[in-house]
Amino acid sequence: MQSSSVSSTLFRAAHNPNQPWITAHCDGGARGNPGPAGFGALIQDADGRVLAELSEFLGIQTNNFAEYAGLLASLDFALANGHRRLRVISDSELMVKQIQGRYQVKSPGLRPLYEQAREKIGRLEGFEIAHALRHKNKDADRLANEAMDRGMRRGLGGRV
């Protein structure tokens, strides 16, 4: 797993160095690209206890859109629940490297999501994002697939 902190220009210095970190394992997927899409995120505290399982069907979207939706949901959870330090683990190398500033965001469809993520990251005291291979992100992958399954059962997927 590669780990890299996002540039310090994206977030302010930590005010409380004792504030615990939470970790979000997030994933997004689409069956077809675009196709029925969903994200999943497993949020854990510093001791590994599960704080939340997030998952949502997104309608017909791209895989990369779904990956960003998982990141944004993780950021929203941290901010809404007073967690000021967030580590994100994702199997989307593209998204991780875009957030790290190593890849440009060329897609007009992803640009607003990237900007939203940057704004939310800027409200945290600490943020790190790392890429992990899919097999190390199983719970988030399961949650994303459950979201897609729910949406497809409602008739919102497939050949719309």
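How many helices and how many strands are there in the chain? The chain has four helices and six strands, and you are looking at a predicted model of it. Followed along the sequence, these elements come in the order β-β-β-β-α-β-α-α-β-α.

**The chain as a whole**

Of the 160 residues in the chain, 51% are buried. Among contacts with a separation of 6 or more, 74% are between residues 24 or more positions apart. The accessible surface of the chain is about 8,000 Å², and carbon and sulfur atoms account for 47% of that surface.

**Strand 3 and its two neighbours**

Strand 3, residues 35-44, is a good place to start the tour. How many of its ten residues are buried? Ten of the ten are, which leaves strand 3 mostly covered.

On one pairing, strand 3 meets strand 2 (residues 22-30) in the antiparallel sense, through eight bridges. On another, strand 3 runs antiparallel to strand 4 (residues 50-61), with ten bridges between them. Both pairings are hairpins, and each has a glycine with a positive phi in its turn. The table sets the two turns side by side.

| Hairpin | Residues between the strands | Glycine in the turn | Phi |
|---|---|---|---|
| Strand 2 and strand 3 | four residues | glycine 32 | about 100° |
| Strand 3 and strand 4 | five residues | glycine 48 | about 85° |

If you would like to trace the pairing residue by residue, begin with alanine 24, whose bridge partner in strand 3 is isoleucine 43. Towards strand 4, glycine 40 is placed opposite serine 55, while alanine 41 is placed opposite leucine 54. As a rule for such elements, side chains in a regular strand alternate between the two faces of the sheet.

Serine 55 also leads us to another part of the chain. Arginine 142 belongs to helix 4, residues 138-153. Its C-alpha atom is 9.4 Å from that of serine 55, although the two residues are 87 residues apart along the chain. Arginine 142 counts as partly exposed because its relative accessibility is 33%.

**Helix 1 and the nonpolar cores**

Helix 1 covers residues 63-80. Its 18 residues should span 26 Å at 1.5 Å a residue, and the end C-alpha atoms are indeed 26 Å apart, so the two values agree. Why can helix 1 be called largely enclosed by the rest of the structure? Because 13 of its 18 residues are buried. Just after helix 1 comes glycine 82, with a positive phi of about 75°.

The largest nonpolar core holds 27 residues, and those with the most contacts inside it are Tyr68, Leu71, Leu75, Leu86, Val88, Ile99 and Phe127. At least two residues of this core come from each of strand 2, strand 3, helix 1, strand 5 (85-90), helix 2, helix 3 and strand 6. Helix 1 gives the largest share, seven residues. Another core, of six residues, lies apart from this one and includes Ala37, Phe39, Leu58 and Ala69.

Leucine 86 is worth a closer look. Setting aside residues up to four places away in sequence, leucine 86 touches Trp21, Ile22, Ala24, Ser74, Leu75, Ala78, Leu124, Gly126, Phe127 and Glu128. Ala24 in that list is the residue we met earlier as the bridge partner of isoleucine 43.

**Helix 3 and its buried side**

Which residues of helix 3 (residues 111-121) are buried? They are Leu113, Tyr114, Ala117, Lys120 and Ile121. These residues lie on the same side of helix 3 because they cover an arc of only 125° around the axis. Their cover includes helix 1, helix 2 (93-99) and strand 6 (126-131).

A lysine in that list may catch your eye. Lysine 120 lies in helix 3, and it counts as buried because its relative accessibility is 14%, under the 20% cut-off. Beyond residues up to four places away in sequence, lysine 120 touches Leu72, Leu75, Asp76 and Leu79. One of these, Leu75, is among the residues with the most contacts inside the largest nonpolar core, and Leu75 is also touched by leucine 86.

Notes:
Residues are numbered from 1 along each chain as its sequence is written. This is a predicted model: local features need pLDDT of at least 70, side-chain atom pairs count only at pLDDT 80 or more; totals for chains, interfaces and linings use all residues. Side-chain values use heavy atoms; hydrogens and water are left out. Buried means under 20% relative accessible area, exposed over 50%, partly exposed in between (1.4 Å probe, protein chains only). The arc is that of the directions from the helix axis to the C-beta atoms. Contact means heavy atoms within 4.5 Å. Accessible areas come from the Shrake-Rupley method with a 1.4 Å probe; for residues, only the protein chains shown count as cover. Two strands pair if DSSP finds at least two bridges between them. The expected span of a helix is 1.5 Å times one less than its number of residues. A nonpolar core is a set of buried Ala, Val, Leu, Ile, Met, Phe, Trp, Tyr and Cys residues joined through side-chain atoms within 4.5 Å.
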